[in-house]
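Got your viewer open? Keep the selection box handy, and we'll walk through this one stop at a time.

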Amino acid sequence: MTDNMQLQMNEYLPLRDVVFQTLRQAILRGTLQPGERLMEIHLAQKLGVSRTPVREAIRMLELEGLVHMVPRRGAVVAEITKSDLEDVLEVRAALEELAVTKACRNMTKEQIAQLRQAAEKFADCLKREDLMASAQADVDFHEIICEATGNRRLIQILNNIREQIYRYRLENLKDKNSHHNLVEEHQIICQALEERSEEKAKLAIRHHIEQQRQSIIESLHMETAEENEKEAPRS
């Protein structure tokens with residue numbers, strides 16, 4: 001899966017940090033998949049760097065919980081677990097409720113119009129079954145709300161959390177049965193913000209995230225069942 005991975009150069013960052021950011025994005029976006037081994041020599045050759053910055057970047061990824069060290073296998077991309085999902089979505093739900101509360105007070109008509117457009121773009125991407133574009137459109141939708149809060153620290157923290165749940169978001173979008181509900185939920189959020197109803201907005205965003213949680217857990221259960229079936233001995 002590393003064929004599509006390229007070093008994201010930044011002249012202001014040490015090479016170790018550049019490699020770290022490149023590998024981090026590759027994991028979050030699924031280029032490097034859960035359970036995949038991170039072999040220093042192979043990654044160094046692919047990225048055109050020495051093994052030292054790759055080794056240091058892998059240690060940083062381990063501290064973030066994106067990589068685990070497995071005996072006799074070395075570094076592997078961490079699996080998507082129910083526990084991790086529950087933790088991150090619990091934090092996200094609380095922060096998103098704060099965001100819509102502040103957005104209800106601060107959003108301009110222009111920002112509400114942008115939010116409507118983002119919701120339409122998301123729906124269009126789903127119709128075209130473009131998962132990567134759909135995931136980005138969903139990020140854009142929530143970022144408009146976040147920007148409307150005017151709270152720079154809240155924006156920074158939520159952006160970091162959204163990166164952490166990118167892998168989960170893609171799992172959610174794989175379930176075509178959820179597409180209609182996702183589009184509808186975005187519309188309800190838009191309506192609540194347009195009405196400046198803080199209670200409606202908080203209920204809508206809480207429901208939106210809870211539905212996402214349930215959908216991803218179902219997807220993870222299905223994948224686990226399929227893997228167990230493949231590994232089961234044939235009679």
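A quick word before the first selection: UniProt annotations may be inferred rather than shown by experiment, and the positions quoted here follow the numbering used in this tour. Also keep in mind that this is a predicted model.

**Stop 1: the annotated stretch.** Select residues 13-80. The UniProt record, an unreviewed entry, labels them "domain: HTH gntR-type". Over this stretch the chain is 53% helix and 12% strand, with the end C-alpha atoms 29 Å apart.

**Stop 2: helix H3.** Now pick residues 51-64. This is H3, a helix of 14 residues that reaches 20 Å from its first C-alpha to its last, close to the 20 Å expected. Show the side chains and color Pro 53, Val 54, Ala 57, Ile 58 and Leu 61, which are buried. Why do they sit on the same side of H3? Because they cover an arc of only 140 degrees around the axis. Spin to the other side of H3 and you'll find Arg 59 and Leu 63, both exposed.

So what do the buried residues of H3 pack against? Add helix H1 (15-28), helix H2 (40-47), strand S1 (67-70) and strand S2 (74-77) to your selection: those are the partners. Before moving on, click Gly 65, just after H3, which takes a positive phi of about 85 degrees.

**Stop 3: the largest core.** Select Met 107, Leu 115, Phe 141, Ile 145, Tyr 168, Ile 189 and Leu 193. Of the 37 residues in the largest nonpolar core, these touch the most other members. Helices H4 (82-106), H5 (109-127), H6 (131-149), H7 (152-164), H9 (179-194) and H10 (198-231) each supply at least two residues of this core. Which helix gives the largest share? That's H4, with 9 residues.

Zoom in on Met 107. Leaving aside residues up to four places away in sequence, Met 107 touches Ile 112, Leu 115, Ile 144, Ala 148, Leu 193 and Arg 196. Apart from the largest core lies another one, of 30 residues, including Leu 23, Ala 26, Leu 38 and Val 67.

**Stop 4: the cysteines.** Select Cys 104, Cys 125 and Cys 190. How many disulfides are there? The count is 0. For a pair to count, the sulfur atoms must be within 2.5 Å. The closest cysteine sulfur to that of Cys 104 is in Cys 190, 12 Å away, so it is too far for a bond. Cys 125 also has Cys 190 as its closest, at 15 Å between sulfurs, again too far. Cys 104 is buried, with a relative accessible area of 4%, and Cys 125 is buried with 1%.

Methods. Residues are numbered from 1 along each chain as its sequence is written. This is a predicted model: local features need pLDDT of at least 70, side-chain atom pairs count only at pLDDT 80 or more; totals for chains, interfaces and linings use all residues. Side-chain values use heavy atoms; hydrogens and water are left out. Helices (H or I, at least four residues) and strands (E, at least two) are DSSP runs, numbered from the N terminus. The expected span of a helix is 1.5 Å times one less than its number of residues. Buried means under 20% relative accessible area, exposed over 50%, partly exposed in between (1.4 Å probe, protein chains only). The arc is that of the directions from the helix axis to the C-beta atoms. Contact means heavy atoms within 4.5 Å. A nonpolar core is a set of buried Ala, Val, Leu, Ile, Met, Phe, Trp, Tyr and Cys residues joined through side-chain atoms within 4.5 Å.
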